[in-house]
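Visitor: I'd like to go through this one by asking what each label rests on. Could you walk me through it?

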Amino acid sequence: MKLATLRNGSRDGELVLVSKNLRAAVYVPDIALTLQGALDQWKSIEPELQQRYQQLNDGKLDGVFAFAECELESPLPRAYQWADGSAYVNHVELVRKARGAEMPESFWSDPLMYQGGSDSFLGPADAIPLQDERWGLDFEAEVAIITNDVAMGVSSAAARESIVLIMLVNDISLRNLIPSELAKGFGFFHSKPSTAFSPVAVTPDELGDAWDGAKLHLPLLSHLNEQLFGSPDAGCDMTFDFPSLISHAAKTRTLTAGTIVGSGTVSNKDASVGSSCIAEKRMLEKLGTGDISSPFLNAGDRVKIEMFDKTGESIFGAIEQRVVRI
């Protein structure tokens with residue numbers, strides 16, 4: 001099942017079901033008005049949504065319209081919680097190595113995670129605002145899951161059952177603001193502006209055998225200015241899978257339905273597949289030649305993030321954003 005949120009002037013938009021081929025959509029106000037509303041009662045309404053989804057794909061519904069013409073919000077335009085992990089420790093190791101910093105051994109056994117701003121997200125086609133190029137604007141291509149209610153202290157095994165939806169992420173970062181914020185010992189704030197998510201969120205069954213209940217085993221493609229930037233496999237070199245990240249997030253608190261948990265920048269040890277953010281590419285350049293040649297994003301740059309199934313069909317639609325100076 002594929003779900004999206006149309007922009008309608010309200011804070012939370014309006015929920016639609018989207019066909020498997022991403023060509024058609026239909027409103028479902030008799031079932032749920034918003035995605036958060038659906039998540040709040042997921043167990044009771046999921047069967048009805050699935051039945052309606054099948055009817056949409058079979059061409060048996062009235063009121064269907066072209067999905068390509070829709071103006072979209074993030075699937076969740078705002079969320080009760082956005083917790084982003086750093087599950088690909090290879091990425092963390094590269095960044096630290098390039099600045100001559102040792103990586104604590106605990107990073108391989110205890111996930112890194114920060115709590116991002118979730119009061120407003122960018123839509124998948126919204127501009128990325130650039131206030132000051134000196135701040136080092138960067139994109140980060142990731143995978144994220146949305147949970148139902150999660151009990152405090154949940155085990156990784158039990159956390160598998162809490163994964164309701166999956167989507168893609170552009171976790172926008174201001175790299176040059178990060179060092180001074182972390183130096184204060186209190187974490188990210190200014191350096192992590194509003195995040196963007198894919199046009200649709202999908203249920204795990206849409207992914208077939210590419211989803212093993214814990215990881216998504218498909219390449220995540222990033223393009224910068226129409227040039228392929230990276231295509232690392234999201235299931236490869238993922239040190240902490242999604243159930244582990246959920247269990248970590250719920251160590252001392254419950255998680256409410258609609259919590260988003262991100263994977264962090266997808267990264268493979270095989271550098272030939274490219275990177276999912278500019279910072280990692282810059283670090284590889286420094287380690288390889290001693291010089292950094294790739295600039296951070298500037299006004300007019302275009303970022304595209306997408307994932308395809310084994311038949312070559314787009315699963316989540318594309319995050320397509322242009323950097324605009326404000």
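Guide: Sure. Helices here are DSSP runs of H or I with at least four residues, strands are runs of E with at least two, and both are numbered from the N terminus. Bear in mind that this is a predicted model. With that naming, Ser276 sits in the loop between β16 (260-262) and α7 (278-289).

Visitor: Why is Ser276 called buried?

Guide: Buried means under 20% relative accessible area. Ser276 has 0%, so it is buried.

Visitor: What makes the link between Val266 and the side chain of Ser276 a polar contact?

Guide: The cut-off for a pair of N or O atoms is 3.5 Å. The backbone oxygen of Val266 is 2.9 Å from a polar side-chain atom of Ser276, so the pair is within that limit.

Visitor: Which other residues does Ser276 touch, not counting those up to four places away in sequence?

Guide: Besides Val266, the list has Phe139, Glu140, Ala141, Ser222, Pro232 and Thr265. Touching here takes heavy atoms within 4.5 Å.

Visitor: What makes a group of residues a nonpolar core?

Guide: The members must be buried, come from a set of residue types such as Leu, Ile and Phe, and be joined through side-chain atoms within 4.5 Å. The largest such core has 66 residues, and Phe67, Ile166, Leu216, Ile246, Met307 and Phe316 have the most contacts inside it. Helix α6 (residues 242-249) gives this core its largest share, 4 residues. Apart from it there is another core, of 32 residues, including Tyr53, Leu76, Trp82 and Val164.

Visitor: Which residues does Phe316 contact, leaving aside its neighbours within four places in sequence?

Guide: Among them are Leu22, Ile166, Met167, Ser198, Pro199, Leu216 and Met307.

Visitor: How do you know which residues line the largest pocket?

Guide: A lining residue needs an atom within 4 Å of a pocket point. For the largest pocket, 34 residues line it, with Val95, Arg175, Ile178, Leu182 and Phe188 nearest its centre. The elements giving two or more residues to that lining are β5 (82-85), α3 (89-98), β6 (113-116), α5 (178-183) and α7. The largest share, 5 residues, is from α3. The space in this pocket is about 950 Å³.

Visitor: How do the lining residues of the two pockets divide into nonpolar, polar and charged?

Guide: For the largest pocket, 17 are nonpolar, 7 polar and 10 charged. For the second largest, 4 are nonpolar, 4 polar and 7 charged. Asp, Glu, Lys and Arg count as charged, so Lys20, Glu206, Asp309 and Lys310, which are among the lining residues nearest the centre of the second largest pocket, belong to the charged group.

How values were computed:
Residues numbered from 1 in each chain as written. Predicted model: local features only at pLDDT ≥ 70, side-chain atom pairs only at ≥ 80, totals over all residues. Heavy atoms only, no water. Buried < 20%, exposed > 50% of the residue type's maximum accessible area, 1.4 Å probe, protein only. Polar contact = N/O pair within 3.5 Å; in protein donor to acceptor, adjacent residues only side chain to side chain. 1 Å grid on protein atoms, 1.4 Å probe; cavity = no way out; pocket = protein on both sides within 12 Å on 5 of 7 lines; lining within 4 Å. Points joined across faces, edges and corners; volume = space filled by probe spheres on them.
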